[in-house]
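Notebook open, structure loaded. I wanted to look at pockets and then at the surface.

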Amino acid sequence: MRFERREHRPLYLLIATPVIAVIAALALAGILISIAGAPVLDAYWRILTGAFGSRLSATETLTRATPLMLTGLAAAVAFRARLWNIGAEGQFYLGAIAVAAASAKLLGNLPAPLLIPLLLLIGAIAGMVLILVPLWLRLRFSVDEVVTSLLLNFIAVLFVSMLIDGVLKDPLAFGWPQSQSVSDHAMLPKLIARSRLHIGLAIAIALAIAVHFVQSRTVFGMQSRAAGLNPAGASFAGVPLGRTLVKVACLSGGLAGLAGAIEVMGVKGYVTTDLSPGFGYAGIVVAMLANLNPLGVVFAAIFTATMFVGADGMSRGLGIPTYIADVTVALSLLTMLIALFFTQYRIRR
C-alpha cells in the first residue's frame, strides 16, 4: 500500500471534505456525550436550539462568530502564503487597546462618521505592526515565526495589562482593571435593535468576499499563493518573495487587529485582559476547517460559535460539561486535517 498524490481534485471532493470532517467529529464527540450519560441526539438538538432557538441566542451566536471570522481570515491569508502567523491573539489585543487609547486620549470628540472608520483603521494598523516583528526576524535572521509570533501573544497581553493598570485605567471602574471606555459615538451601530449584534458582522462578511476576490483575481493573490506552494519556484519565476510576504503579513495582522477593534467598539466598549476567550487561537481552527478558503471561513466561524454558545444550553439541560464543545471543535480540526490529506492523496495497493 502506498499514497499517491492526486493529479486532479474533483469539485465534489473539495465540497464534501469539510462536511464529512464535521460529521465524523460529531460522531466521535457523541461517544463522549454517551459516556457522560446523556442521549446524543438530544444533546446536539439542545446545542442547535441553544445557539439559534430564539432571537437572543441567534444574535449572540452571530456576535460571537464575528471576531472568529476576522481572526480566521487572518490565519487563512497568512497560511496560504506559508507565513505561520500564530500571533493573532496578541494582534487582537493590540488592536483593541489602540482603539481604546485613541478614543480616550486623542480622537474622542470627532463625529461618528469620521471617528468609527478612523478607529477601525488604527486597530488594523496596530495588528500590522505586531506581526511585522516576527516577519522581520524571519527575513533577516531566518528565525521561525511560529515561535516568535506565539511568544509575542504573551508580551502583547502583558503590555495591555500594564496600560489598563496604568495610564489607561478607568478611574470609574472601582479598582477593576479595565481601560477607559471608548466614546459613545465610537460604538458600532446595531444590526438588530435590543441585541448585541452589530455592524461588525457585515464588515467581516464583506472582508471575506474582498479577500476571496483578491486571492483569486489579482496579481498579489497569485503571488501569495505561489509563495505558499513553491517559494523557490515562485522566486525563480520573478515573484518578489520578501515584498509579497510583507503585504501578506500586513493583511493578516490588520485583520486580527481589526477583530480586536470591532470587539471593543461593537460589544464591550472597553478593554480587559479577558476580552478574548481565545479568538486568536480559535481563528486557526476556523481557517483550517475552511480549508483556508475566505468564504468558507464565514461558515466555519458560525459553526464554531454555534458549538460554543449552544453548549451552555446543552450543559444546563442535560447536566454534562460544556467542555464537550471544545472537544468537538478540536476533533473537527483533526478530522479536517485527515480529510484534507485524502483530498491530496489516494491509496494505491
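Pocket, for my purposes: on a 1 Å grid over the protein atoms alone, an open set of points with protein on both sides within 12 Å along at least five of seven lines, with lining residues having an atom within 4 Å of a point. Volume is the space filled by probe spheres set on the points, which are joined across faces, edges and corners.

Note on the source: this is a predicted model, where local features need pLDDT of at least 70, side-chain atom pairs count only at pLDDT 80 or more, and totals for chains, interfaces and linings use all residues. Residues are numbered from 1 along each chain as its sequence is written, and side-chain values use heavy atoms, with hydrogens and water left out.

Entry one. I looked up the largest pocket and got about 1400 Å³. Arg80, Asn291, Leu292, Asn293 and Leu340 are the closest to its centre, out of 36 lining residues. I split that lining into 21 nonpolar, 9 polar and 6 charged residues (nonpolar: Ala, Val, Leu, Ile, Met, Phe, Trp, Tyr, Cys and Pro; charged: Asp, Glu, Lys and Arg; polar: the others, Gly among them).

Entry two. The second largest pocket comes to about 220 Å³. I find Glu60, Arg64, Glu263 and Lys268 among the residues that line it. By class, I count 5 nonpolar, 1 polar and 6 charged there.

Entry three. Which helix gives the most to the nonpolar patch? Helix H6 (residues 145-164) does, with 5 residues (helices are DSSP runs of H or I, at least four residues, numbered from the N terminus). Leu151 sits in helix H6.

Methods: Helix = DSSP H or I, 4+ residues; strand = E, 2+ residues; numbered from the N terminus. 1 Å grid on protein atoms, 1.4 Å probe; cavity = no way out; pocket = protein on both sides within 12 Å on 5 of 7 lines; lining within 4 Å.
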